[in-house]
Amino acid sequence: MNNIEKRWWKEAVVYQIYPRSFNDSNGDGIGDLKGIIQKIPYLKELGVNVVWLSPIYQSPNDDNGYDISDYRQIMTEFGTMEDFNQLLTLCHQAGIKLVMDLVVNHTSDEHACFIESRKSKDNPYRDYYIWKDPVNGKEPNNWGSCFGGSTWEFDEQTGQYYLHFFSKKQPDLNWENEKVRASVYNMMKWWLDKGVDGFRMDVISLISKDPEYKDGEPGVTGYSSFNVCANGPRVHEFLQEMRQEVLSKYDLLTVGECSGVTLEEAKKYARSDEKELNMVFQFEHVSLDADDDNKWGLKPFDLMKLKEIMTKWQNGLEGKAWNSLFWCNHDQPRMVSRWGNDKEYREASAKMLATCLHMMQGTPYVYQGEELGMTNMPFHDLSEFRDLDSINAYREMVEEKKIMTSEEMLTALRKKSRDNSRTPMQWDDSENAGFTTGTPWIKVNPNYHQINAAEQLQRPDSVFHYYQKLIQLRKQYEVIVYGKYELLDAENPDIYTYSRTLGNEKLLVVCNFTDKEISYQIPEEYRNGECLISNYVEQNSGVLRPYEAFVLHINIL
């Protein structure tokens, strides 16, 4: 028997909602809390038992709500605190827990504390943020922002620079300051006492900065990566303090977004002794098709590399920490367009990718529309993008530094832009995909006539019903949640095969990542196994069809 402690959050399936793009109840073109309330029956039918909401706090929306001006107010476009309270109550009544996005590496520059901080060098809030003098009349170091350019913004009023790892409207908080930490913990308790069930912690691996502020290794733009501060000297101390002060007092799901995290660091963040967080999001697997020096540079998908990375994390955290399982989120393009086939094999490849992920050990995260096999958006030109990261990157890479041509950059954005996953949820084939009666804040993908929830709910063999079945199987079979993972057929460049073992139960998971027919013999011990799920109706011995996936279950005597 695997020596893994059972917890509700290990057995959960999480559904991420990007509120701006989910469902608009009042026709202003922006999704809102009442729109989410209307869709609780849909979430219940899918079978998910946790919803993670991307930020809904008051924000000027420079970075779509990840720039927070008031952590205890709801963004006006999304509704009111009464709407939120109703959403929380109705989710709980439906057996769905609600997890909030905790964004505490930075605030908005319109937050009351930053407005005070920038007034003068001796303001009581000055030390809530990170201010530095110029070095030789320039930025204090060569650190680069995630959204392009320097991480330092000069402030005329006091003649100093403030640090921002993201937009210049997102100044970084100074976690060295005890008062900053105490106010973060108070705010967290305020939400938890309302009844929320946990936090997804935005860029939490960046909160502890290297006190020497040394230059980093410069990349193609001349700046070092924003990951220069990942896993800083006091990050684990801060999270252990957060656990002691706040998290230990509630029964929560906590997941840290940890860019730049290594396997060894992840074991500290997501320890099985629960001193810090339950799990982390690592990005190694979703970075394998990016150029090492330029995140917009495209590399072909490499299944061998994917198998190596997933196996490293599955085996490396076994019994020591817990994996989060995801292909998609609000920062990643649509997976069926990325590593599947969004044309003739869209449904088969969407189901195959889901099978491959959901049968692993860890907590699966489903991003809105992923359960329909929604695809990347056919963007025509820069004017159609809304994402700050994409627009800034175009300006920096094409106009300023001339590293890429306009067409090269647009090709990269069509493949990689975060806006691919932010187009409105496709509910039905009515105008604007049933998302809004107004003008949507970002264009709707024109394929909503073919790809939408209403059509898939009626069709038993749809991607939706496949996800529903995967989620149901996880509730039914402990081996899917807790079983030990083992990679099989490691040298096969086209097929991902692995087993899961718990006590006397075993699973065989087989996924063809290509659009070709490939000969394949089921290992002897599984030949009489029960097929739990497959994306083709009838079994075809000896051959895997394009993007075929199936799972066999056996009991060992």
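# Briefing: a loop proline, two sheets and the whole chain

Let's start with Pro424, found in the loop between α13 (406–416) and α14 (453–458). Keep in mind that this is a predicted model. From that loop, we'll go on to an open sheet of eight strands, an open sheet of three strands, and then the protein chain as a whole.

**Pro424 and its surroundings**

- Is Pro424 buried or exposed? Its relative accessibility is 0%, and buried means under 20%, so Pro424 counts as buried.
- Setting aside the neighbours within four places in sequence, Pro424 is in contact with Ser21 and Met374, and also with Phe435, Pro440, Ile442, Lys443 and Val444.
- Phe165 is 259 residues from Pro424 along the chain, and 28 Å separates their C-alpha atoms.

**The sheet of eight strands**

- If you trace this open sheet across, the strand order reads β11-β10-β9-β5-β2-β1-β13-β12, and the pairing is parallel.
- Which strands sit at the edges? They are β11 (279–281) and β12 (324–325), and each of them pairs on one side only.
- β13 (residues 363–367) pairs with β1 (residues 14–17) in the parallel sense, over three bridges.
- Two residue pairs help you find that pairing in the viewer: Val14 has Tyr365 as its bridge partner in β13, and Gln16 has Tyr367.
- β12 also runs parallel to β13, and two bridges join them. Here, Leu325 stands opposite Pro364 in β13.

**A closer look at β13**

- How many residues of β13 are buried? Five of its five are, so to speak, under cover.
- Both faces of this strand are covered. Thr363, Tyr365 and Tyr367 are buried on one side, while Pro364 and Val366 are buried on the other.
- Put the pairing and the burial together and Tyr365 shows up twice: it is the bridge partner of Val14 and one of the buried residues of β13. Tyr367 does likewise, as the bridge partner of Gln16 and a buried residue of the strand.
- Pro364 has a similar double entry: Leu325 stands opposite it, and it is buried.

**The sheet of three strands**

- This open sheet has the order β6-β8-β7, with antiparallel pairing.
- Why is one side of β6 (131–132) and of β7 (152–155) left without a neighbour in the sheet? Both stand at the edges with a single partner strand each, so there is no neighbour on one side.
- Two bridges link β6 to β8 (residues 160–163) in the antiparallel sense. Look for Trp131, which stands opposite Tyr162 in β8.

**The chain as a whole**

- The protein chain has 16 helices and 20 strands.
- Its radius of gyration is 23 Å; a compact globule of 557 residues would have a value near 24 Å, so the two agree.
- The C-alpha trace spans about 75 × 50 × 50 Å along its principal axes.
- Of the 557 residues, 62% are buried.
- Among contacts with a separation of 6 or more, 71% come from residues 24 or more positions apart.
- About 21300 Å² of the protein chain is exposed, and carbon and sulfur atoms supply 47% of that.
- On the charge side, there are 62 positive and 86 negative side chains, with the centres of the two sets 3 Å apart.

Definitions and conventions
Residues are numbered from 1 along each chain as its sequence is written. This is a predicted model: local features need pLDDT of at least 70, side-chain atom pairs count only at pLDDT 80 or more; totals for chains, interfaces and linings use all residues. Side-chain values use heavy atoms; hydrogens and water are left out. Helices (H or I, at least four residues) and strands (E, at least two) are DSSP runs, numbered from the N terminus. The radius of gyration is taken over C-alpha atoms; the globule rule is 2.2 Å times the number of residues to the power 0.38. Buried means under 20% relative accessible area, exposed over 50%, partly exposed in between (1.4 Å probe, protein chains only). Contact means heavy atoms within 4.5 Å. Accessible areas come from the Shrake-Rupley method with a 1.4 Å probe; for residues, only the protein chains shown count as cover. Lys and Arg count as positive and Asp and Glu as negative; His and the chain ends are not counted. The place of a charge is taken as NZ of Lys, CZ of Arg, CG of Asp or CD of Glu. Two strands pair if DSSP finds at least two bridges between them.
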